[in-house]
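Student: I would like to take a close look at a single part of this structure and follow it through to its surroundings. Could you guide me slowly?

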Amino acid sequence: MDYGKLKKNFEDHRFLTSYFETREEAAAYLKEKIRGEKVGFGGSMTCQEMGLYELLKENNQVVWHWKDEMTAAEARRAAMDSTVYILSANGVSETGELVNIDGTGNRAAASLFGPERVFYVIGRNKIAPDLHSTIARAKNTACTKNARRLGVKTPCAASEELRCYDCNSPARICSATVILERPCNGMTVELVFINEDLGY
Ligand code: SF4
């Protein structure tokens, strides 16, 4: 991971950045930084692998549709009303853009409006050289692997090859593609880079 390049290009775009060698160091940093907040989570294998929900629960009110006792729909709605939102990205461009593709749209929506602070936790496997290759990575790698995890009936989940077929399946998990070029107005957005492979 070329953190020097990422830092320069994302900070030129008004994002904050930080860098850690390990997931444990990044998780400890977030635990210190986020206290007394209502924290919402987007669907994220990276957050899951870092144990962030359990860690942040010690000092915050947390809500995640993967974990909470409320229904997934209730939890998604409650997370929209959080003060801090944590998610990963399906792709991160070295030129300073983030790409996320959503089926339901709750993650994309909360990352753009509502919370005051948004943290993206980003493993090195998410990074691509430019926006074009980042979108391709998000579609062909992240979405395809998520489709397999979810066991949906889509061509990408059935294929041996990791690729998007731009399907018309009723089970399609890709409804909206968000390219975040700058933090939305009124939000502080920090990218927490981690020098490990995390999530898809
Ligand atoms: S558009 Fe369809 S084929 Fe492409 S990644 Fe999404 S679900 Fe899979």
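Student: Which residues of helix α1 are buried?

Tutor: Please keep in mind that this model is predicted. Helix α1 runs over residues 3–12, and its buried residues are Tyr-3, Leu-6 and Phe-10. These three cover an arc of only 60° around the axis, which puts them on the same side of α1. As for what lies over that side, the buried residues of α1 are covered by elements that include the strands β1 (16–20), β5 (91–93), β6 (98–102), β8 (127–128) and β10 (188–194).

One residue of strand β10 lets us see this covering in detail, namely Phe-193. With a relative accessible area of 0%, Phe-193 is buried, because that value is under the 20% limit. Leaving aside residues up to four places away in sequence, Phe-193 touches Tyr-3, Leu-6 and Phe-10, and its other contacts include Thr-17, Ser-18, Tyr-19 and Phe-20, as well as Val-92 and Ile-127. The three residues named at the start of that list are the buried residues of α1. Looking in another direction, Phe-193 and Glu-161 are 32 residues apart in sequence, and their C-alpha atoms are 28 Å apart in space.

Now let us go to the end of the helix, where α1 is followed by Arg-14, a residue of the loop between α1 and β1. The phi of Arg-14 is near 75°, which is a positive value in a residue other than glycine. Most residues other than glycine have a negative phi. Whereas Phe-193 is buried, Arg-14 is exposed, because its relative accessible area of 54% is over the 50% limit.

It also helps to set a second helix beside this one, namely α2, which spans residues 23–33 and has Ala-26, Ala-27 and Leu-30 as its buried residues. Seen down the axis of α2, these buried residues fall within an arc of 100°, so they line one face of the helix. The face of α2 turned away from that buried side carries the exposed residues Glu-24 and Glu-32. The elements covering the buried residues of α2 include β1 and β10, along with α3 (45–50), α4 (52–56) and β7 (117–123). Strands β1 and β10 are also among the elements that cover the buried residues of α1, and with this we are back at the helix you asked about.

Note on methods: Residues numbered from 1 in each chain as written. Predicted model: local features only at pLDDT ≥ 70, side-chain atom pairs only at ≥ 80, totals over all residues. Heavy atoms only, no water. Buried < 20%, exposed > 50% of the residue type's maximum accessible area, 1.4 Å probe, protein only. Helix = DSSP H or I, 4+ residues; strand = E, 2+ residues; numbered from the N terminus. Arc of directions from axis to C-beta. Contact = heavy atoms within 4.5 Å.
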